[in-house]
Protein chains: 2
Amino acid sequence: MTTIPLTPLDWPISPVVPLLATATEAAEAEADSSLVLAGVLLSLVAIYFASKLFGELCARINLPPVLGDLIGGVVIGVSVLNILVFPEGGVTADSSAVMNFLQSTADLTAGSLEATFAAQSEAISVLSELGVIILLFEIGLESELEELIKYGPQAAIVAVVGVVLPFALGTVGLMSLFSVEAIPAIFAGAALTATSIGITAKVLAEIGKLSSKEGQIIIGAAVLDDVLGIIVLAVVASLVKTGEIEVTNILYLTVSAAIFLVGTIFLGRLLNPYFVSLVKSLKTRGPLIISALIVTFILSYIASAIQLEGILGAFAAGLILGESELQRDLEEQVVPIADMLVPVFFVVVGARTDVSVLNPFEPANQEGLIIAAFLIAVAIIGKVATSLTVFQSGINRLAVGVGMIPRGEVGLVFAGVGAASGVLSESLDAAIIAMVIVTTFIAPPWLRNVLEKGEAAEATEKEEAA
Amino acid sequence: MTTIPLTPLDWPISPVVPLLATATEAAEAEADSSLVLAGVLLSLVAIYFASKLFGELCARINLPPVLGDLIGGVVIGVSVLNILVFPEGGVTADSSAVMNFLQSTADLTAGSLEATFAAQSEAISVLSELGVIILLFEIGLESELEELIKYGPQAAIVAVVGVVLPFALGTVGLMSLFSVEAIPAIFAGAALTATSIGITAKVLAEIGKLSSKEGQIIIGAAVLDDVLGIIVLAVVASLVKTGEIEVTNILYLTVSAAIFLVGTIFLGRLLNPYFVSLVKSLKTRGPLIISALIVTFILSYIASAIQLEGILGAFAAGLILGESELQRDLEEQVVPIADMLVPVFFVVVGARTDVSVLNPFEPANQEGLIIAAFLIAVAIIGKVATSLTVFQSGINRLAVGVGMIPRGEVGLVFAGVGAASGVLSESLDAAIIAMVIVTTFIAPPWLRNVLEKGEAAEATEKEEAA
């Protein structure tokens with residue numbers, strides 16, 4: 001035992017005792033709980049500051065603010081300032097600016113410092129996990145089963161081809177051109193499938209095209225694409241987990257994903273009236289949001305327990321509760337919670353990304369950069385080519401294709417899961433992030449341009465006809 | 001090194017790696033990150049379920065729902081069901097129903113199981129800490145400096161006497177009658193000082209008496225009382241921290257509390273217009289709530305860094321941001337976040353309370369029960385006697401006294417801090433909780449009764465005069 005002077009009230013705010021202390025092996029390295037809280041508070045301040053600073057910069061130059069979270073994370077993370085770092089890849093408390101600052105006000109032993117660093121990193125990680133659960137719940141809430149069905153076959157074809165084409169092109173290309181192994185190649189290919197419904201919907205709304213035919217097809221396809229992307233992520237992540245590609249495994253996962261989604265949606269619709277009347281009968285604070293969180297956390301747990309992803313459960317929870325008459329209230333109430341927790345996820349993703357791998361002046365990076373260029377090309381070509389499947393006439397096909405390009409938050413989820421899994425090489429992970437950044441960067445101005453050109457052409461046609 | 005089969009993607013959702021692994025001493029006891037998340041999700045479901053079930057029961061029988069959180073915590077905690085337990089007082093993962101359930105689906109080594117238990121408990125603790133920070137921020141938002149000043153001398157006298165009298169009676173009584181040592185006696189005395197503004201305001205609102213003279217004095221005094229209680233808590237907690245009573249220490253703490261509160265309020269008022277225009281200039285999601293959280297977390301950190309309590313910083317942040325024109329928006333947006341996090345705090349407080357100490361059939365408990373009876377008597381007499389200081393005529397004095405009785409959430413904060421500090425004996429801690437429960441139980445029906453009797457008497461007087 002060391003002689004850490006554990007004061008009687010070293011954790012000043014709410015009931016907790018040094019938590020790492022009980023694992024017998026960790027007895028020598030007790031976390032200082034008041035410093036854990038201080039570390040979490042300082043980390044959150046850094047996260048929010050970075051999120052707002054870079055998010056606002058992005059907003060000013062007409063780029064999606066979620067990019068700002070990512071860039072802000074890169075700046076405060078392991079790549080640049082080392083304010084928000086995690087105990088991985090040889091990083092110790094010495095590398096953490098927050099821990100160094102706290103250590104200057106305290107006097108911890110090396111072991112206790114590492115334990116405190118580990119504990120505050122664990123807390124930030126759980127907050128970031130809750131952030132992505134809330135994000136997918138919110139996406140589920142905003143998605144509508146009715147919409148998925150209404151824009152029917154056209155959106156479905158666009159979505160399916162828009163998932164299959166980039167996935168196939170990316171996976172096969174990586175394996176044949178770059179000799180990447182099957183599992184990482186599949187993972188990277190999967191990261192190419194997503195479409196960011198948030199970014200695309202926002203761009204369409206900004207230029208008043210949300211309810212246009214193109215807008216409706218893009219949104220319908222993006223909603224379906226989101227679901228497909230989540231299934232693909234679940235399937236791929238589970239494949240990575242078992243370490244090999246087994247047809248029975250794929251079948252099991254696809255079937256359990258389908259049963260889980262269809263089952264929860266079916267049960268959800270059945271139980272929704274009871275949920276609504278239960279919520280309405282509650283008299284204490286937060287009846288709706290607490291009931292919704294119970295459903296979300298239970299489905300997240302079940303989804304992860306049956307080898308799918310927790311986020312799939314959160315999405316299903318959002319989808320079924322979004323069907324109830326309480327959707328609007330719920331959407332409203334989930335906003336501040338998402339505002340609080342979602343940036344933690346994206347900033348943490350950025351903070352854990354070592355972008356030095358993209359430095360073109362470093363010869364060792366050239367492979368990563370070539371892969372990035374390939375992924376970007378596939379990401380764009382795959383979605384634009386998909387637009388050729390639009391069979392209805394009078395549609396600005398290019399707009400549909402370009403609208404599907406931004407990978408945004410869903411692509412980042414893949415990058416984050418990939419980074420955590422250890423299945424992706426650093427250069428491949430960085431290449432995926434670069435692909436997400438570039439596609440998310442170029443899509444908004446490009447989509448606006450394509451739609452405006454389309455309008456001009458239409459006007460000219462009408463003039464000539466008249 | 002053990003041979004824990006760390007799968008490449010054992011943490012399936014967002015970027016994290018086994019966090020406890022880096023502390024060298026803990027290398028043998030790696031937490032399974034996917035199980036940490038599963039444990040957090042299941043714990044949160046248990047917390048929300050207990051909070052709602054018992055909160056609703058309390059609401060039906062006209063008791064404050066916060067009591068339900070506490071009772072729910074007792075039921076799922078170490079006293080009864082062992083669903084939500086913490087690694088303290090010899091509790092190991094074997095005692096945790098959640099960990100046993102998770103272990104049945106996984107196959108962890110003993111060390112890894114304990115580390116996972118410790119990590120998920122740490123995460124729940126940080127969530128509960130954030131809960132009490134958000135709670136005090138919300139109380140600060142709802143408090144108004146203007147009100148404090150407006151109901152001026154009368155409310156101030158009621159508040160000060162209502163803090164000093166129970167504190168002195170309780171501390172002296174415990175030391176002389178029960179031979180309790182000075183520091184725990186002072187701590188218990190301090191726990192007698194608080195008034196729950198939330199409970200009292202709610203009761204007054206329910207019977208339409210919020211804007212009556214009595215109501216205004218009670219609320220004014222309760223607001224002041226809240227601030228005094230927080231200062232008392234900060235002073236007492238810091239006293240406990242240093243282990244002895246030093247006049248210079250009391251002076252330092254009182255002065256730094258005063259400077260901190262006055263300074264932040266002064267600076268806050270000065271900077272509020274800039275805060276408002278900054279928030280209004282932001283274009284990305286959550287401009288108000290994220291900016292407010294940055295202020296709250298920074299002030300919480302500073303308050304704890306200068307030896308005060310983090311919650312004092314959160315209260316100050318609420319008080320100053322509540323002065324800005326954005327108060328209403330902020331109050332609205334903080335509600336779902338408080339709904340999500342505050343119950344975690346109260347349920348955790350209940351879960352950590354071993355109420356078996358209150359079993360009257362156990363001879364060893366008699367001292368605790370006698371102390372509880374004494375504290376309850378002081379808690380009631382102290383506040384009712386305080387009402388004799390009401391010098392304005394035509395006031396229902398008894399109503400003012402009874403309105404100050406419920407200790408509610410502030411008393412529970414004391415109990416929680418006391419439990420965490422280890423300064424209170426189990427019986428004294430249980431006695432404080434019993435006092436908080438009893439005062440919070442009896443005040444609402446009693447206050448209603450007193451006010452209605454007062455009305456009847458007034459009506460009779462008017463009739464007789466006519």
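Colleague: In which sense, left-handed or right-handed, does helix 4 of chain B pass helix 13 of chain B?

Modeller: Helix 4 of chain B passes helix 13 of chain B in a left-handed crossing. Please keep in mind that this is a predicted model.

Colleague: At what angle do the axes of these two helices of chain B, helix 4 and helix 13, cross?

Modeller: The general idea is that angles over 145 degrees count as roughly antiparallel and those of 65 to 115 as roughly perpendicular, with oblique left for the values outside the named ranges. Here the axes of helix 4 (residues 110-142) and helix 13 of chain B cross at roughly 140° and come within 7 Å. The two helices of chain B, helix 4 and helix 13, are therefore oblique to each other.

Colleague: Which residues form this contact between helix 4 and helix 13 of chain B?

Modeller: On the side of helix 4 of chain B, they include Leu127(B), Gly131(B), Phe137(B) and Glu138(B). Their counterparts in helix 13 of chain B include Gln327(B), Glu331(B), Val334(B) and Phe345(B). By class, the residues of this contact between helix 4 and helix 13 of chain B are 17 nonpolar, three polar and two charged.

Colleague: How should the pair formed by helix 11 and helix 12 of chain B be read?

Modeller: The axes of helix 11 (residues 287-305) and helix 12 (residues 310-321) of chain B cross at roughly 140° and come within 7 Å. That makes helix 11 of chain B oblique to helix 12 of chain B. The crossing of helix 11 of chain B with helix 12 of chain B is right-handed. Among the residues that meet are Val295(B), Leu299(B) and Ala303(B) of helix 11 and Leu312(B), Gly313(B) and Ala317(B) of helix 12. The contact of helix 11 with helix 12 of chain B holds ten nonpolar, five polar and no charged residues.

Colleague: Is Glu325(B) buried or exposed?

Modeller: The general idea is a neighbour count, with 12 or fewer meaning exposed. Glu325(B) has 10 C-beta neighbours inside 10 Å and therefore counts as exposed. Glu325(B) sits in the loop between helix 12 and helix 13 (327-351) of chain B.

Colleague: Where do the buried residues of helix 3 of chain A fall around its axis?

Modeller: In helix 3 (residues 97-105) of chain A, the residues Val98(A), Met99(A) and Leu102(A) are buried. Viewed down the axis of helix 3 of chain A, its buried residues lie within an arc of 95°, so they line one face of the helix. Their cover includes helix 1 (33-60) and helix 4 (110-142) of chain A.

Colleague: What is the secondary structure of chain A?

Modeller: Chain A has 17 helices and zero strands. Of its 466 residues, 60% are buried.

Note on methods. Residues numbered from 1 in each chain as written. Chains lettered and ligands numbered in written order. Predicted model: local features only at pLDDT ≥ 70, side-chain atom pairs only at ≥ 80, totals over all residues. Axes fitted to C-alpha atoms, helices over the stretch in contact; angles between N-to-C directions. Helix = DSSP H or I, 4+ residues; strand = E, 2+ residues; numbered from the N terminus. Parallel < 35°, antiparallel > 145°, perpendicular 65-115°, else oblique. Left-handed = near helix turned anticlockwise from the far one by under 90°. Contact = placed C-beta atoms within 7 Å. Nonpolar A, V, L, I, M, F, W, Y, C, P; charged D, E, K, R; others polar. Buried ≥ 20, exposed ≤ 12 C-beta atoms within 10 Å, placed from the backbone. Arc of directions from axis to C-beta.
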